[in-house]
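Let's take a friendly look at how charged side chains pair up and how helices sit against each other. Keep the structure open beside you as you read.

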Amino acid sequence: MNLELSEEQTAVRRVAAEFVDREIAPHAAAWDRAESVDRAIIGRLGELGFLGLTIPEEYGGSGGDHLAYCLVLEELGRGDSAVRGIVSVSLGLVAKSINTYGTEEQKHQWLPPLTAGTALGCFALTEPDTGSDAANLTTRAVRDGDDWVISGTKMFITNGTWADVALVFARTGGDDPDRQGHRGITAFLVPADSCGLERREIHGKLGLRGQATAELVLDGVRVPDGARLGPEGKGFSVAMAALAKGRMSVAAGCVGIAQACLDAAVAYAKERRQFGPPIAAHQLVQELISDIKVELDAARLLVWRVADHIERGLPFATESSVAKLYASEAAVHAANNALQVFGGYGYIDEYPVGKYLRDARVMTLYEGTSQIHKLLIGRALTGVNAFA
């Protein structure tokens with residue numbers, strides 16, 4: 001096993017780190033207070049090729065492997081998880097799905113602007129009453145000649161009000177008993193300017209405030225059959241395949257949060273003095289910091305394992321769940337420990353660790369809660385379906 005990065009991966013990581021230090025980290029607190037990142041950052045992400053990683057160059061992508069992709073998301077997560085989420089969704093969930101399941105026409109229509117950062121995508125799966133239970137979504141698409149008419153509501157959609165295209169999952173099985181549950185779901189690429197699509201931004205979030213998170217209301221939205229992504233009735237497979245890789249993206253972002261927590265805690269502990277020496281000299285402070293380091297390294301290796309499995313064509317869904325479960329919980333633990341090192345100063349937003357804790361907390365909830373991932377891992381190990 002060789003864990004050394006290639007020259008290309010090292011270069012990508014360095015470019016990402018320099019970009020984050022120069023153009024993201026200095027603004028993260030202000031973007032958090034304003035509840036919106038500067039949208040100009042999206043174009044810069046596109047210019048650097050970060051929105052086209054793993055997408056073939058013939059469709060405007062920048063190529064590269066999945067480990068390089070994870071390295072970039074680690075750095076973005078270190079700088080501002082809100083920015084990392086924009087990339088994870090538009091590239092990781094939407095563009096990659098189009099690249100895998102799309103027709104040539106769909107690829108040429110959507111991938112060049114998505115990878116360039118001149119357009120964004122959102123992943124419209126979650127509904128007000130169906131989060132973890134995605135197979136029972138209620139949004140419906142009814143065939144009308146050569147078109148589909150879609151009606152329903154989607155909730156907590158990242159990039160929702162900024163996206164130019166929504167990857168919408170809707171039930172197309174009607175009342176056919178053989179097309180219920182996951183067998184009756186179809187995926188559609190819905191332009192954001194479609195008549196009947198209303199987008200309402202959600203404010204007052206605990207974390208990831210810089211992201212545009214929205215509720216989408218589809219009221220008789222009409223799209224041609226050419227907007228269908230993949231075969232009819234196979235949308236659930238499209239969604240689950242996207243989320244298997246998406247969980248790697250979230251886990252990589254969590255590694256970035258933990259790295260930011262470690263960097264902040266070490267720097268502060270070396271400067272802050274109590275009872276004479278810097279608090280870094282106190283053994284219990286060292287314990288807080290060492291716990292962050294151990295869990296950070298473990299999380300990073302779990303993420304890199306997923307990327308390696310994908311590149312080698314090996315099954316990776318369970319490994320992705322393991323990485324997402326561990327890394328998200330480790331990020332919360334890291335932020336808690338870092339805040340403890342900062343003491344009272346960690347509780348005010350002049351210092352970054354409070355934001356790290358708020359951003360980390362949602363990582364245990366979306367793209368599968370920690371509890372759901374434990375069930376998925378248990379099912380994979382035992383062969384017994386916990387959802388049956």
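In this predicted model, Asp21 is partly exposed, because its relative accessible area of 44% falls between the 20% and 50% cut-offs. Its side chain meets that of Arg78 in a salt bridge. Asp21 sits in helix α1 and Arg78 in helix α4 (residues 66–79), so the pair links distant parts of the chain, 57 residues apart. Arg78 counts as buried, with 17% relative accessibility.

Side chains of opposite charge can pair when their charged atoms come close. A search of the whole structure finds 21 salt bridges, and here are three to find on screen:

| Salt bridge | N to O distance | Separation in sequence |
|---|---|---|
| Asp21 and Arg78 | 3.0 Å | 57 residues |
| Arg44 and Glu23 | 3.0 Å | 21 residues |
| Arg200 and Glu215 | 3.5 Å | 15 residues |

Arg200 lies in strand β6 (residues 197–201) and Glu215 in strand β7 (residues 213–224). Arg200 is partly exposed at 37%, while Glu215 is buried at 18% relative accessibility. Elsewhere, salt bridges that share partners join Arg22, Glu23, Arg44 and Glu47 into one network.

Glu23 belongs to helix α1 and Arg44 to helix α3. How do helices α1 and α3 pack, and at what angle? Helix α1 (residues 7–24) and helix α3 (residues 40–47) pack at about 160 degrees, with their axes 12 Å apart. That angle makes α1 roughly antiparallel to α3, and their crossing is right-handed.

Finally, look at the surface: Tyr345, Tyr347 and Ile348 make a nonpolar patch of about 370 Å². Tyr347 is in the loop between α9 (317–342) and α10 (353–363), and is exposed at 73% relative accessible area.

Notes
Residues are numbered from 1 along each chain as its sequence is written. This is a predicted model: local features need pLDDT of at least 70, side-chain atom pairs count only at pLDDT 80 or more; totals for chains, interfaces and linings use all residues. Side-chain values use heavy atoms; hydrogens and water are left out. Patches are made of residues with over 30% relative accessible area and no salt bridge: like charges are joined within 9 Å, nonpolar side chains (Val, Leu, Ile, Met, Phe, Trp, Tyr) within 5 Å. Accessible areas come from the Shrake-Rupley method with a 1.4 Å probe; for residues, only the protein chains shown count as cover. A salt bridge is a side-chain nitrogen of Lys or Arg within 4 Å of a carboxyl oxygen of Asp or Glu. Helices (H or I, at least four residues) and strands (E, at least two) are DSSP runs, numbered from the N terminus. Buried means under 20% relative accessible area, exposed over 50%, partly exposed in between (1.4 Å probe, protein chains only). Axes are lines fitted to C-alpha atoms, for helices over the stretch in contact, and angles run from 0 to 180 degrees between N-to-C directions. Angles under 35 degrees count as roughly parallel, over 145 as roughly antiparallel, 65 to 115 as roughly perpendicular and the rest as oblique. A crossing is left-handed if the near helix is turned anticlockwise from the far one by less than a right angle, and right-handed if clockwise.
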